[in-house]
Amino acid sequence: MPPAVAKLKFKLKMKNSRILYLGSAEGNTISYLSEICKTNSITAVEISPVAMAELLVLAKKKDNIIPCLCDAHFPEKYRIQANDPVSYTHLRAHETLRYL
């Protein structure tokens, strides 16, 4: 297991932590994370309005997803929603989810 995945797995087990996910697209990986981390909030940042439309449909079904239509290059725009995130990682979804 890669060290980044081990660290993420440990942090996801913490209750009431905040997860910041940059580039959430339509929410495929976010949906899996939402099921794994039911007590954690996930701020899903996406720049594309088209992808955000699909993500909003998912967010209505899942209570712990906070969608944010923003450019990830400007954290001041989503800082309030992602206040002090505990977990952040940039791994390919299939690599990460294989270990969780």
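**Strands, crossovers and cores**

Let me begin with tyrosine 21, which, once its neighbours within four places in sequence are left aside, is in contact with Thr29, Ile30, Leu33, Ile42, Thr43, Ala44 and Val45. I should say at once that this is a predicted model, and that everything I describe is computed from it.

Tyr21 belongs to the largest nonpolar core, a set of 12 residues that also includes Ile19, Ile30, Leu33, Ile42 and Ala44, together with Cys37, Met52, Leu55, Leu58, Ala59 and Ile65. Two or more residues of this core come from each of β1, α2, β2 and α3, and the largest share, 4 residues, is given by α3. Apart from this there is a second, separate core of 5 residues, among them Leu20, Val45, Cys70 and Tyr78.

Turning now to the strands, β1, at residues 18-22, runs parallel to β2, at residues 41-46, and the two are joined by 5 bridges, with leucine 20 standing opposite threonine 43 of β2. Between these two strands the chain passes through helix α2, residues 28-36, in a β-α-β crossover that is right-handed.

On β2 there is a further pairing, again parallel and again over 5 bridges, with strand β3, which spans residues 65-69; here glutamate 46 is found opposite leucine 69 of β3. Helix α3, residues 49-61, forms a β-α-β unit with β2 and β3, and that unit, too, is right-handed.

So which helix lies on the path from β1 to β2? That is α2, while α3 is the helix in the unit with β2 and β3.

Notes
Residues numbered from 1 in each chain as written. Predicted model: local features only at pLDDT ≥ 70, side-chain atom pairs only at ≥ 80, totals over all residues. Heavy atoms only, no water. Pairing = 2+ DSSP bridges. Right-handed = clockwise from strand over helix to strand, strands pointing away. Core = buried A, V, L, I, M, F, W, Y, C linked by side-chain atoms within 4.5 Å. Buried < 20%, exposed > 50% of the residue type's maximum accessible area, 1.4 Å probe, protein only. Contact = heavy atoms within 4.5 Å.
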